[in-house]
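Ready for a few short exercises? Have a look at the sequence and the structure below, then try each task before you read its solution.

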Amino acid sequence: MNKHVVSIVDSHYLNKDFKQFVLTKPKGYKFIPGQSVYVSINTQGQQNDIRPFTFTGLNNWDTLELIIKIHSGYDGLTNKLDKLPVGSELLITDAWGTFSYKGDGVFIAAGSGITPFIAILRDLKEKNQISGDTLIYSNQMKDDVIMENELSYLLGPNLHFVFTRQNVIGFRENRIDEIYLKETIKNFNQHFYVCGPAEFVQNIISMLSNLGIEPQTIIFEKKGTGIKLPDVKPKT
Ligand SMILES: Cc1cc2nc3c(=O)[nH]c(=O)nc-3n(C[C@H](O)[C@H](O)[C@H](O)COP(=O)(O)OP(=O)(O)OC[C@H]3O[C@@H](n4cnc5c(N)ncnc54)[C@H](O)[C@@H]3O)c2cc1C
């Protein structure tokens, strides 16, 4: 996998956990919405400490965009990224991954699982092809939601929030279950895109199977656990 040096143009918090990073875009760099990238810090001794993140911007933009949940409680990569000033250099690989749009469907995300959907939904809006898509976005609390205004603009009435730990007037409380899916999804004869922690993804797939959804129409990606990192060596 090729590696590219990029630098941080801007970084700011979207809420208490998630930080948006705007990066320079290498000449000719290409990706499709839903693809991810391995990222490390381009300083001596840090280049091999890589983690996967998903592009949230679009390929036709002049800059790259990542939205990263900062795990500030311990000294992992995201905590180090949080402390980098504008102008700091990162190493990114070529874009990879096959989590891509296959047609009208229901997007079901939890936590940082929203990131591939941000890129895919932005792309669909740009192409004027978003009207047949629905997003169910689950978080513990309303404060955990990112990009609420833009998601509302992109999806209008086809955006549904679920909060698992907070009673919020006007919003759905508690977990996603089969009853909720039956009430919320009008057409089960379409694609299902599922992204979030492994347990969430597994549970949603089981529910969809119980509701008679064909496995080949379910596209999923598990975030955050069991990550197998590739053998990427820094350029010397
Ligand atoms: C394909 C893919 C795409 C992804 N895209 C995104 C994205 O766009 N945005 C995003 O925010 N995330 C994304 N992730 C998840 C992201 O890669 C991880 O959150 C990131 O690797 C965490 O890095 P870290 O170095 O801070 O934590 P790591 O050191 O990698 O730790 C991973 C997990 O282990 C636990 N842990 C480790 N050490 C400790 C400790 N000392 N104390 C307590 N808990 C600990 C934490 O729960 C943490 O979540 C993606 C994951 C995958 C697989």
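The exercises below concern a predicted model and go from its domains to a salt bridge and then to the ligand.

**Exercise 1. The two domains**

Task: Work out how the chain is divided into domains, and how many residues of each domain are in contact with the other.

Solution:
- Start with the bounds: domain 1 covers 3-93, and domain 2 covers 105-219.
- Next, take the C-alpha centres of the two domains, which are 25 Å apart.
- Now collect residues with heavy atoms within 4.5 Å across the boundary. This gives 17 residues from domain 1 and 15 from domain 2.
- Finally, turn to area: the two domains bury about 1300 Å² between them, and 64% of that is on carbon and sulfur atoms.

**Exercise 2. Polar links between the domains**

Task: Find how many salt bridges and how many residue pairs in polar contact there are between domain 1 and domain 2, then describe the side of domain 1 that touches domain 2.

Solution:
- Count the salt bridges between domain 1 and domain 2: there are two.
- Count the residue pairs in polar contact between these domains, with both residues at pLDDT 80 or more: there are seven.
- Look at which strands contribute on the domain 1 side: strand S2 (18-24) and strand S5 (63-69) each supply at least two residues.
- Sort that side of domain 1 by class, and you get seven nonpolar, seven polar and three charged residues.

**Exercise 3. One salt bridge followed through the sequence**

Task: Which residue forms a salt bridge with Asp144, and why does the pair tie together parts that are apart in sequence?

Solution:
- Recall the principle: side chains of opposite charge can pair when their charged atoms come close.
- Apply the cut-off, a Lys or Arg side-chain nitrogen within 4 Å of a carboxyl oxygen of Asp or Glu. The partner of Asp144 is Lys16, with the closest N and O atoms 3.1 Å apart.
- Place both residues: Asp144 sits in the loop between strand S8 (134-139) and helix H3 (148-155), while Lys16 sits in the loop between strand S1 (3-13) and S2, so the pair joins parts 128 residues apart in sequence.

**Exercise 4. Around the ligand**

Task: Which of the 21 residues around the ligand come nearest, and where do its oxygen atoms meet polar protein atoms?

Solution:
- The nearest of the 21 residues are Pro52, Lys69, Tyr74, Leu77 and Thr78.
- For the backbone, take Pro52: one of its polar backbone atoms is 2.7 Å from a ligand oxygen.
- For side chains, an N or O atom of Thr78 is 2.6 Å from an oxygen of the ligand, and an N or O atom in the His71 side chain is 3.3 Å from a ligand oxygen.

Terms used: Residues are numbered from 1 along each chain as its sequence is written. This is a predicted model: local features need pLDDT of at least 70, side-chain atom pairs count only at pLDDT 80 or more; totals for chains, interfaces and linings use all residues. Side-chain values use heavy atoms; hydrogens and water are left out. Domain bounds come from an automatic or database domain assignment. Buried area is the accessible area (1.4 Å probe) that two parts lose on being put together, summed over both. A polar contact is a pair of N or O atoms within 3.5 Å; within protein, one must be able to donate a hydrogen and the other to accept it, and residues adjacent in sequence count only if both atoms are side-chain atoms. Helices (H or I, at least four residues) and strands (E, at least two) are DSSP runs, numbered from the N terminus. Ala, Val, Leu, Ile, Met, Phe, Trp, Tyr, Cys and Pro count as nonpolar, Asp, Glu, Lys and Arg as charged, and the others, Gly among them, as polar. A residue is near a molecule or strand if one of its heavy atoms lies within 4 Å of it.
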